[in-house]
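This report looks at burial, at the surface and at the side-chain contacts of one protein chain, and it is meant to be read alongside the displayed coordinates.

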Amino acid sequence: MPFRNIMGFFQPLGTLMQTCSIGVRVAVKTITLSEDAYNALVAIKGEGESFSELIRRLTRGRRSLLDFAGDWKDFQEDEMNSYRSFLQSRRSALEGKTPP
C-alpha cells in the first residue's frame, strides 16, 4: 500500500525513491544597440567569446598593456617628442632631479 513520504510524494512500501531538482535562474537583460555599435562589438569579439564576456572584458577596471598596442602609431613625431619630454620632466621631478 503506498504512503506519502516526507516530500509529499506517494511511494510504494518497500521501495526508496529520491527526487532532486536544482533550478538556477540567470538574470537576462535586453539592450538596444545601433547597427554600427553592434558591428563594432562584433569586430572586437574574440572567437568563442560571448557578448557578455566581451562587455565584461571591455569594462573591467584594469586592462592589459597589450590592449593599448598600436594606439600611438599615428602620433606625429613632434607630438611624441613633446609627450616624451613631459614624461621625463615628471619622472625627474618625482626623483628630485632637475630635467636635463
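Of the 100 residues of the protein, 7% count as buried, in what is a predicted model. The accessible surface comes to about 9700 Å², and carbon and sulfur atoms hold 57% of that area. Among the contacts in the protein with a separation of 6 or more, residues 24 or more positions apart account for 0%.

The protein has three helices and two strands, and read from the N terminus on, its elements follow the order β-β-α-α-α.

On the surface, I31, L33, Y38, V42, F51 and I55 make a nonpolar patch of about 500 Å². The elements that give two or more residues to this patch are α1 (35–44) and α2 (51–59).

Two of the residues in the patch, Y38 and F51, also form an aromatic pair, and the structure holds one such pair. The ring centres of Y38 and F51 are 5.7 Å apart, with 35 degrees between the planes, and the arrangement is classed as tilted, because planes count as stacked under 30 degrees and as edge-to-face over 60. Since Y38 belongs to helix α1 and F51 to helix α2, the pair ties together parts that are 13 residues apart in sequence.

How exposed is Y38, given its relative accessible area of 39%? Y38 counts as partly exposed, because its value falls between the limits of 20% for buried and 50% for exposed. F51, with a relative accessible area of 32%, is likewise partly exposed. The face of F51 also has a charged neighbour, as K45 lies over it at 5.3 Å from the ring centre.

Which residues does E49 touch, if residues up to four places away in sequence are not counted? With that exclusion, E49 touches I44, L54 and R57. E49 itself lies in the loop between α1 and α2, and with a relative accessible area of 14% it is buried, because that value is under the limit of 20%.

The accessibility values of these three residues are set out below.

| Residue | Relative accessible area | Class |
|---|---|---|
| Y38 | 39% | partly exposed |
| F51 | 32% | partly exposed |
| E49 | 14% | buried |

Taken together, the region of α1 and α2 holds the tilted pair of Y38 and F51, while the loop between α1 and α2 holds E49.

Terms used:
Residues are numbered from 1 along each chain as its sequence is written. This is a predicted model: local features need pLDDT of at least 70, side-chain atom pairs count only at pLDDT 80 or more; totals for chains, interfaces and linings use all residues. Side-chain values use heavy atoms; hydrogens and water are left out. Patches are made of residues with over 30% relative accessible area and no salt bridge: like charges are joined within 9 Å, nonpolar side chains (Val, Leu, Ile, Met, Phe, Trp, Tyr) within 5 Å. Accessible areas come from the Shrake-Rupley method with a 1.4 Å probe; for residues, only the protein chains shown count as cover. A salt bridge is a side-chain nitrogen of Lys or Arg within 4 Å of a carboxyl oxygen of Asp or Glu. Helices (H or I, at least four residues) and strands (E, at least two) are DSSP runs, numbered from the N terminus. Buried means under 20% relative accessible area, exposed over 50%, partly exposed in between (1.4 Å probe, protein chains only). Rings of Phe, Tyr and Trp (its six-membered ring) pair if their centres lie within 6.5 Å; planes under 30 degrees apart count as stacked, over 60 as edge-to-face and the rest as tilted. A charge sits over a ring if NZ of Lys or CZ of Arg is within 6 Å of the ring centre and within 35 degrees of the ring normal. Contact means heavy atoms within 4.5 Å.
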